[in-house]
Amino acid sequence: MTYLRKNSSVALSVLMISLSTTAVMAQDAMSEHAGHMTMTDHAPMAALGDHGVVVDFELTDRDGALVRDEDFRGRHVLLGFGFTHCEHICPLMALNMGRVVEEAGPEMTGIFVSVDTERDTAAITDDYAGHFGEAMLGLSGSIEQINAAAKNFKVSYAVTKTQDAYTVQHTANVFLIDPNGELVDVFNFSTSPENILEAVR
Ligand SMILES: [Cu+2]
């Protein structure tokens, strides 16, 4: 089965316009998502688990249908975890992912998975992902589904709620999965689309 967006008529977001000063944002972002990232392009493989491992996830799309890793066999997948209220990291990550997916053509799907299960429904997540490209899919799921998927990618996240703040810290890596469902490379949220595309070719 080839999984494509069901809702592709979303207009380009102003988010994309506000993303031209990436250096400043990355610095900002370091404090927002402290503790989970390095500033090199490639995350250290030791932190990723087994290179070449077959990925495993079961999530939910905007219609409540189950979406599994095997639905994407035969295609490349670029996948990242985040949340739609994220101010700096996720917009840049999704923007980069959208550009890669657009350049790579119809053989690649981008998947943005929200770890903010309380606020981000699958529909909200999919609308968000759709701002960044036609082939960008947003998925959500139950806490159990999200935790299982995050564990598979060695992604950690933490929701912090106080009286006046609601923040989500999360690993901001971008995972490249090949048509056999194997993890082939991992990038940081700020890795340029060009560098990711090199790994696809
Ligand atoms: Cu984020």
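# Exercises on a predicted protein model

Helix α4 lies across β4 and β5 and runs at about 160° to β5, where axes are lines fitted to C-alpha atoms, for helices over the stretch in contact, and angles between N-to-C directions run from 0 to 180 degrees. The model is predicted, with local features requiring pLDDT of at least 70 and side-chain atom pairs counted only at pLDDT 80 or more, while totals for chains, interfaces and linings use all residues. Residues are numbered from 1 along each chain as its sequence is written. Helices (H or I, at least four residues) and strands (E, at least two) are DSSP runs, numbered from the N terminus.

## Exercise 1: the sheet beside α4

Determine the strand order of the five-stranded open sheet, and describe how β4 and β5 pair within that sheet.

Solution. Begin with the pairing rule, under which two strands pair if DSSP finds at least two bridges between them. The open sheet of five strands then has the order β5-β4-β3-β8-β9, with mixed pairing. Next consider the edges: β5 and β9 each have a single partner strand, so one side of each is left without a neighbour in the sheet. Neighbouring strands here are turned by 20° against each other on average, direction ignored. Finally, β4 (108–114) and β5 (136–139) pair in the parallel sense over four bridges, and Ile111 stands opposite Leu137 in β5.

## Exercise 2: the length and burial of α3

Check whether the end-to-end distance of helix α3 (residues 89–104) agrees with its number of residues, and then establish how far the helix is enclosed.

Solution. The expected span of a helix is 1.5 Å times one less than its number of residues. For the 16 residues of α3 this gives 22 Å, and the end C-alpha atoms are 22 Å apart, which agrees. For burial, a residue is buried if 20 or more other C-beta atoms lie within 10 Å of its own, exposed if 12 or fewer, and partly exposed in between, with C-beta atoms placed from the backbone. Twelve of the 16 residues of α3 are buried, so the helix is largely enclosed by the rest of the structure; among them are Ile89, Cys90, Met93, Leu95 and Val101. Pro91, also in α3, has 23 C-beta neighbours inside 10 Å and therefore counts as buried. Just after the helix, Gly105 takes a positive phi of about 90°.

## Exercise 3: what packs against α4

Identify the elements against which the buried residues of α4 pack, and relate Tyr128 to Pro91 in sequence and in space.

Solution. In α4 (residues 122–130), the buried residues are Ala122, Thr125, Asp126, Tyr128, Ala129 and Gly130. These pack against β1 (58–60), α3, β4 and β5, where two residues are in contact if their C-beta atoms, placed from the backbone, lie within 7 Å. Pro91 and Tyr128 are 37 residues apart in sequence, and their C-alpha atoms are 9.3 Å apart in space.

## Exercise 4: the largest nonpolar core

Which residues of the largest nonpolar core touch the most other members, and which element supplies its largest share?

Solution. A nonpolar core is a set of buried Ala, Val, Leu, Ile, Met, Phe, Trp, Tyr and Cys residues joined through C-beta atoms within 7 Å. Of the 47 residues in the largest one, Ala94, Met97, Val113 and Met136 touch the most other members. The elements giving two or more residues to this core include β3 (76–82), α5 (143–152), β8 (173–177) and β9 (183–188), and its largest share, nine residues, comes from α3. Not counting residues up to four places away in sequence, Ala94 touches Phe112, Ala129, Phe132 and Met136.

## Exercise 5: two partly exposed residues and a hairpin

Classify Arg68 and Asn195 by burial, and then describe the pairing of β6 with β7.

Solution. Arg68, in strand β2 (residues 66–68), has 14 other C-beta atoms within 10 Å and is therefore partly exposed. Leaving aside neighbours within four places in sequence, Arg68 is in contact with Phe57 and Glu58. Asn195, in helix α6 (residues 193–200), has 15 other C-beta atoms within 10 Å and is likewise partly exposed. Asn195 and Val100 are 95 residues apart in sequence, yet 9.3 Å apart in space, C-alpha to C-alpha. As for the strands, β6 (residues 157–161) and β7 (residues 166–170) pair in the antiparallel sense over five bridges, and a hairpin joins them through four residues. In this pair, Ala158 stands opposite Gln169 in β7.
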